[in-house]
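Me: I am new to this structure and would like a close look at a single part of it. Please take the sheet in each protein chain, and then say how the protein meets the DNA strand.

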There are 2 protein chains.
Amino acid sequence: MYICPMHSKELLKGSLKTIILKMLKEHGRMYGYEITQKVRTLTGDELVITEGALYPALHKLEADKLVQTEQEFIGKRVRRYYSLTPSGELAVEEKVSEFESFVQMMQLIIQPKTSFNG
Amino acid sequence: MYICPMHSKELLKGSLKTIILKMLKEHGRMYGYEITQKVRTLTGDELVITEGALYPALHKLEADKLVQTEQEFIGKRVRRYYSLTPSGELAVEEKVSEFESFVQMMQLIIQPKTSFNG
DNA sequence: TTATAATACATAAGAATATTATGTATATTT
DNA sequence: AAATATACATAATATTCTTATGTATTATAA
């Protein structure tokens with residue numbers, strides 16, 4: 001299985017943790033694979049988070065105590081659930097508003113106001 | 001002179017070339033330092049492009065033939081003007097619409113539609 | 001007039017974060 | 001039985017920033 005994701009993956013850089021935290025905020029506890037699938041369906045298969053990006057990001061968030069984990073066994077298969085810590089709850093809001101600020105700044109550059117269509 | 005830029009510089013990653021190309025598109029030919037200053041004033045000192053990011057990005061764009069340069073001397077000081085090549089003209093549109101697609105995808109994640117406020 | 005700040009370029013070391021590839025193993029579908 | 005999907009993980013590599021440093025000219029303020 002290999003699906004070509006969005007054209008510019010570069011833009012994902014710096015937004016992945018925001019995405020993960022927001023998904024956990026919205027859906028409560030989730031496991032890694034579940035996050036990638038939810039993001040895919042949410043974005044109509046446009047945004048595909050690779051495992052090589054996802055798991056290191058989750059581990060980093062855990063090391064930073066923004067998420068906490070609990071293991072479960074589904075049959076013999078291990079599943080690692082992630083959920084927000086109190087710090088994580090705060091971090092989501094920060095990250096999301098940072099992103100929104102950034103988009104607003106980008107709009108200033110991308111959609112410059114002229115005397116005609118300003 | 002050292003001004004603290006936006007909180008999350010991570011987000012810049014992947015957008016810098018888009019910014020540069022769009023600035024050249026809007027303002028015609030520009031030199032590096034001019035780009036940083038224009039971006040700063042445009043964004044109310046929020047987005048500060050550092051030299052260590054700017055010049056390598058410009059050199060990369062030149063190597064990729066998206067921009068072309070001409071040197072000028074202002075007194076004894078060299079100034080290197082950049083402008084879009086035909087490929088660069090195409091690339092701006094691509095990059096900008098990629099960015100806009102990305103933002104739309106992020107909105108799907110960040111502002112999920114509920115049955116109440118959807 | 002002289003020190004400081006602004007202008008204007010450049011590059012190197014290091015950090016962060018992604019891609020791509022690989023590995024392991026279980027469960028489900030064809 | 002084979003292929004695909006589920007579910008984790010990590011290593012090598014690439015990209016792209018930050019931070020720091022370097023050089024040099026011009027303008028401004030003390």
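Reply: What follows describes the sheet of each chain, then the relation between the chains, then the surface near the DNA strand.

The model is a predicted one.

Start with chain A. Its sheet is open and has 3 strands in the order S1-S3-S2, paired antiparallel. Strand S1 covers residues 30-31 and strand S2 covers residues 67-74; these two are the edge strands, and each pairs on one side only. Strand S3, residues 77-84, is joined to S2(A) by 8 bridges, and the two run antiparallel. Between S1(A) and S3(A) there are 2 bridges, again with the strands antiparallel. In general, strands of a sheet pair through backbone hydrogen bonds, either parallel or antiparallel.

Individual pairs help to find the register on screen. On the S2 side, A:Gln68 stands opposite A:Ser83 of S3(A). A:Glu70 has A:Tyr81 in S3(A) as its bridge partner, and A:Phe73 stands opposite A:Val78 in S3(A). On the S1 side, A:Met30 stands opposite A:Tyr82 in S3(A). As a general point, the side chains of a regular strand alternate between the two faces of the sheet.

S2(A) and S3(A) make a hairpin with 2 residues between the strands, where A:Gly75 takes a positive phi near 70°. A helix also belongs to this picture. Helix H1 of chain A, residues 16-27, packs on the sheet and touches S1, S2 and S3 of chain A. The direction of H1 makes about 90° with that of S3(A).

Now turn to chain B. Here too there is an open sheet of 3 strands, ordered S1-S3-S2 with antiparallel pairing. The edge strands of chain B are S1 (30-31) and S2 (67-74), each of which pairs on one side only. S1(B) is joined to S3(B) by 2 bridges, and the two strands run antiparallel. At this pairing, B:Tyr31 stands opposite B:Tyr81 in S3(B). Helix H1 of chain B, residues 16-27, packs on the sheet, with S1, S2 and S3 of chain B all touched, and its direction makes about 90° with that of S3(B).

On the other side, 8 bridges link S2(B) to S3(B), and these strands are antiparallel as well. B:Gln68 stands opposite B:Ser83 in S3(B). S2(B) and S3(B) form a hairpin with 2 residues between them, and B:Gly75 in the turn has a positive phi of about 65°.

How do the chains relate to each other? A turn of 180°, with a shift of 0.0 Å along the axis, lays chain B on chain A with an RMSD of 0.0 Å. The two copies are therefore related as by a two-fold rotation axis. The same surface serves both copies, since 100% of the contact residues of chain B recur in chain A. Among the residues of chain B, B:Lys13 comes closest to the rotation axis, with its C-alpha at 3.1 Å.

The last part is the surface near DNA strand C. There are 26 residues around this strand, of which A:Thr50, A:Arg77, B:Tyr33, B:Arg77 and B:Arg79 come nearest. On the DNA side, sugar and phosphate make up 74% of the atoms of strand C that come within 4 Å of the protein.

Three contacts can be looked at one by one. A polar side-chain atom of A:Arg77 lies 2.4 Å from a base oxygen of DNA strand C. B:Tyr31 places a polar side-chain atom 2.7 Å from a phosphate oxygen of the DNA strand; this is the residue that stands opposite B:Tyr81 in S3(B). For B:Gly32, a backbone N or O atom lies 3.3 Å from a phosphate oxygen of strand C.

Several elements give two or more residues to the surface near DNA strand C. From chain A they are H1 and helix H3 (51-63), and from chain B they are helix H2 (32-42), helix H3 (51-63) and strand S3 (77-84). H3(B) gives the most, with 5 residues. By type, the residues of the surface near DNA strand C divide into 8 nonpolar, 7 polar and 11 charged.

Conventions: Residues numbered from 1 in each chain as written. Chains lettered and ligands numbered in written order. Predicted model: local features only at pLDDT ≥ 70, side-chain atom pairs only at ≥ 80, totals over all residues. Heavy atoms only, no water. Least-squares fit on C-alpha atoms with pLDDT ≥ 70 in both. Contact = heavy atoms within 4.5 Å. Pairing = 2+ DSSP bridges. Helix = DSSP H or I, 4+ residues; strand = E, 2+ residues; numbered from the N terminus. Axes fitted to C-alpha atoms, helices over the stretch in contact; angles between N-to-C directions. Near = heavy atom within 4 Å. Polar contact = N/O pair within 3.5 Å; in protein donor to acceptor, adjacent residues only side chain to side chain. Nonpolar A, V, L, I, M, F, W, Y, C, P; charged D, E, K, R; others polar.
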